Amino acid sequence: MAVSSICPMNLAIPSKPIQELIKSTTEKVVPETYKIQQLPNISEDNNNHSEIEYMKSPSIDLGLLSDASSSQHEQELRKLGSVLNSWGCLQLINHGLDSSLLDKIREVGKEFFALSLEQKQKHSRTLDWFEGYGGDTISEGQIYNWNDRLHLRVYPVDQRNFNFWPEYIPNFRETLEEYAVEVRRVTKSLLKAIAKSVELDEDSFLKECGEDEAMNLFTRFNYYPPCSTPERVIGLKPHSDGTVVTILQQNKQVEGLQALKDDKWFKVPIVPYALFINIGDQLEMMSNGKLKSVVHKVVIDKEKERISIATPTTTLKASMQEEPELCELPLFFENYSKGDRAFPAMDIDLNLATYS
Ligand SMILES: O=C(O)CCC(=O)C(=O)O
Ligand SMILES: [Fe+2]
């Protein structure tokens, strides 16, 4: 059983990364602090990934969304609005990121998790700060995610904490910097298009995020080791992201991501070199609930490890104006302030009881 560090607010992080912990435990024995307990309808509700339906929605073309002179621009905007309305997430194609860059960032992530424990732990997170290498915090009574991650702040540049950036991988820094420039460009174009899709001025959401250098962008490399009893663990518990939007590079081969729609889970398919986009709680708040953040989770493969790369954008503005034009809707989030979330994501019950 993993021993945890406990802080006065009863938050804890795993004392050992799961990647290491499983090396020292007997095959098939899931440490108690990771084990799903008493889950009703486990086969139906939780991790039976192979039997779950795929999310079926058209991919969205960023090139068409960004080119107002294209004859298909308006149609693509409508398609974006409709996909977001149904799913809160989408597969983005023609985003302009070179496939070689997508492969390169994946490769440096893989190289990081292949380092020795000692090398990785030079960049360990602490209980009171999210950046660095380690597991996610949990509060009392929760189980840990079957996930280790390296979480880094990439923008604004002056907020980078280089002591968390791996020093043993020679091209890590330049690759992440190159990737971040591109992801920020995509985030900006996307936020403009999303605003237009709900008939707002294109800068409505972007202006809440800060222009260019002021924008907050993070990168989270997720590592999910395999588990011989995958139905007993959860890679990432059901959650919505506390972000404006998150851009995700799924694993190239190993599935695991599921999205919730109408109380039902759907597998997110792997679309080669597409970026998976999901709306976060902050965009839900900014849009006064017109755009909905999507609840998603990650399940674990029996044999294969999985690495994904999430790049969330958040706004750290102390207060945020909801768009007046959307305010004929009931005001869901009247007193939004820094740190508030549309959903207390970490409290979402595994069996989704809190969601019905
Ligand atoms: O690994 C994935 O596919 C999803 C990751 C995720 O949801 C997150 O980092 O918030
Ligand atoms: Fe997420």
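Begin by selecting ligand 1 together with Arg306: in this predicted model, an N or O atom in the side chain of Arg306 is 2.9 Å from an oxygen atom of the ligand. Add Ser308 to the selection, where an N or O atom of the side chain is 2.6 Å from an oxygen atom of ligand 1. Then add Arg220, which places a polar side-chain atom 3.1 Å from an oxygen atom of the ligand. Ligand 1 taken alone exposes 300 Å², and 94% of that is buried by the protein.

Next, display the whole shell around the ligand. It consists of 13 residues, and the closest are Arg220, Tyr224, His296, Arg306 and Ser308. Sorted by class, the shell has three charged, four polar and six nonpolar residues. To see which elements give two or more residues to this shell, colour strands β8 (216-224), β9 (236-239), β14 (296-298) and β15 (306-314).

Follow the chain past β15 to Thr315, which is found in the segment after that strand. Is Thr315 buried or exposed? Its relative accessible area is 3%, under the 20% cut-off, and Thr315 is therefore buried. Select Glu208 as well: the side chain of Thr315 reaches the backbone oxygen of Glu208 at 2.8 Å.

Now step back to the protein as a whole. Its secondary structure comprises nine helices and 15 strands. Of its 356 residues, 56% are buried. The accessible surface comes to about 15900 Å², with 49% of it belonging to carbon and sulfur atoms. Among contacts with a separation of 6 or more, 77% join residues 24 or more positions apart.

The interior is the next stop. The largest nonpolar core contains 81 residues, and those with the most contacts inside it are Leu92, Phe172, Tyr179, Ile194, Phe205, Leu275 and Leu283. Helix α7 (residues 172-197) supplies the largest share of this core, 11 residues. Centre the view on Leu283. Leaving aside neighbours within four places in sequence, Leu283 is in contact with Leu191, Ile194, Phe205, Thr243, Val244, Val245 and Leu291.

From the core, move to the loop between β7 (148-155) and α7, where Tyr168 has its place. The relative accessibility of Tyr168 is 33%, so Tyr168 counts as partly exposed. Which residues does Tyr168 contact, leaving aside neighbours within four places in sequence? They are Leu115, Gln119 and Lys122. The side chains of Tyr168 and Lys122 are joined by a polar contact of 3.3 Å. Leu115 lies 53 residues from Tyr168 along the chain, yet their C-alpha atoms are separated by 8.3 Å.

The loop between β7 and α7 also holds Pro156. Select Pro156 with Tyr155 and inspect the bond joining them: it is a cis peptide bond, with omega about -5 degrees.

Two backbone details complete the tour. Most residues other than glycine have a negative phi, and most peptide bonds are trans. Select Asn94, found in the loop between β4 (89-93) and α5 (99-114). Asn94 has a positive phi, near 50 degrees. Finally, select Glu199 in the loop between α7 and α8 (206-209). Although Glu199 is not a glycine, its phi is positive, at about 60 degrees. Is Glu199 buried or exposed? The relative accessible area of Glu199 is 71%, so this residue is exposed.

Note on methods. Residues are numbered from 1 along each chain as its sequence is written. Chains are lettered from A and ligands numbered from 1 in the order in which they are written. This is a predicted model: local features need pLDDT of at least 70, side-chain atom pairs count only at pLDDT 80 or more; totals for chains, interfaces and linings use all residues. Side-chain values use heavy atoms; hydrogens and water are left out. A residue is near a molecule or strand if one of its heavy atoms lies within 4 Å of it. A polar contact is a pair of N or O atoms within 3.5 Å; within protein, one must be able to donate a hydrogen and the other to accept it, and residues adjacent in sequence count only if both atoms are side-chain atoms. Accessible areas come from the Shrake-Rupley method with a 1.4 Å probe; for residues, only the protein chains shown count as cover. Helices (H or I, at least four residues) and strands (E, at least two) are DSSP runs, numbered from the N terminus. Ala, Val, Leu, Ile, Met, Phe, Trp, Tyr, Cys and Pro count as nonpolar, Asp, Glu, Lys and Arg as charged, and the others, Gly among them, as polar. A nonpolar core is a set of buried Ala, Val, Leu, Ile, Met, Phe, Trp, Tyr and Cys residues joined through side-chain atoms within 4.5 Å. Buried means under 20% relative accessible area, exposed over 50%, partly exposed in between (1.4 Å probe, protein chains only). Contact means heavy atoms within 4.5 Å.
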